[in-house]
Amino acid sequence: LPSTWTNIDISSEKVYSLSTEAKEYVSTMEEDVTIYVLANEAEQDLILQQSLEKLDDISEHIAVEYVDPTVNPTFHRQYTDEAITMNSLIVVSEKRSKYVDYNSVYEQSYDSSTQSVTTTGYDGEGQIISAIDFVLTENLPKVYVTTGHGEYQFSNSYLGALDKENVEAELINFMDYEAVPEDATCLVINAPANDISGDDKD
């Protein structure tokens with residue numbers, strides 16, 4: 001039986017339910033994607049597991065497979081050089097792959113007074129859909145952010161939001177370029193403190 005029948009979401013925040021947007025996106029998929037869960041299936045995070053099961057139920061183009069790093073410790077190396085954590089995901093298509101760290105699945109806040117970390121939300125669906133979109137999109141957008149004029153730099157949280165939207169951001173100093181790179185989807189000149197030279201403008 002599909003998980004939509006066997007697992008009823010009675011949580012107040014509906015953390016076990018998929019959003020309408022996620023359902024629509026997954027149901028229109030035309031290419032195959034494999035999601036490798038780096039964990040023993042019996043020890044998998046239950047909330048994340050239910051999200052994966054519901055996505056798998058909707059689309060025949062999604063396959064979920066479990067790879068236990070303690071049994072196969074080198075499996076991830078064909079997809080990522082990062083140090084992996086248990087329960088993380090590797091999403092793979094014919095175009096490319098993306099590693100989704102388990103630490104990004106749950107939103108957390110840090111209390112400096114008590115030096116404790118509190119889980120404030122669940123973003124499993126968002127991280128999975130973002131990764132699927134990354135591995136399926138033909139041409140990924142690239143944003144160049146200028147430097148050299150005292151520009152205000154993006155915060156880590158903003159850069160993280162760009163990354164989740166599968167937008168690659170790269171710093172650029174016009175002193176090193178004759179023109180804006182051809183692969184630029186967008187050029188950001190973010191609140192420069194100093195005048196832009198005529199050469200830079202050109």
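Here are three short exercises on this predicted model, each with a worked solution.

**Exercise 1: a parallel sheet**

Work out in what order the strands of the open sheet stand, and which of them are at the edges.

Solution. Start with the order: the open sheet is formed by three strands, arranged β8-β7-β9, with parallel pairing. Next, look at the ends of that order. Strands β8 (168–172) and β9 (186–188) each have a single partner strand, so one side of each is left without a neighbour in the sheet. From one strand to the next, the twist averages 25°. Now zoom in on one pair: β7 (residues 142–146) and β8 run parallel and are joined by five bridges. Within this pairing, Val-145 has Leu-171 of β8 opposite it.

**Exercise 2: a glutamine in a loop**

Place Gln-78 in the chain and decide whether this residue is buried or exposed.

Solution. First find the element: Gln-78 belongs to the loop between β2 (62–66) and β3 (89–92). Then take the relative accessible area, which is 55% for Gln-78. Exposed means over 50%, so Gln-78 is exposed. Finally, check the surroundings. A polar atom of the Gln-78 side chain lies 3.1 Å from the backbone oxygen of Phe-75. Ser-97 is 19 residues away along the chain, and its C-alpha atom is 9.7 Å from that of Gln-78.

**Exercise 3: a glutamine in a helix**

Do the same for Gln-127: is this residue buried or exposed, and what is it in contact with?

Solution. Gln-127 sits in helix α4 (residues 124–136). Its relative accessibility is 17%, and buried means under 20%, so Gln-127 counts as buried. Setting aside neighbours within four places in sequence, the contacts of Gln-127 are Val-100, Ser-104, Val-105 and Lys-164.

How values were computed: Residues numbered from 1 in each chain as written. Predicted model: local features only at pLDDT ≥ 70, side-chain atom pairs only at ≥ 80, totals over all residues. Heavy atoms only, no water. Pairing = 2+ DSSP bridges. Helix = DSSP H or I, 4+ residues; strand = E, 2+ residues; numbered from the N terminus. Axes fitted to C-alpha atoms, helices over the stretch in contact; angles between N-to-C directions. Buried < 20%, exposed > 50% of the residue type's maximum accessible area, 1.4 Å probe, protein only. Polar contact = N/O pair within 3.5 Å; in protein donor to acceptor, adjacent residues only side chain to side chain. Contact = heavy atoms within 4.5 Å.
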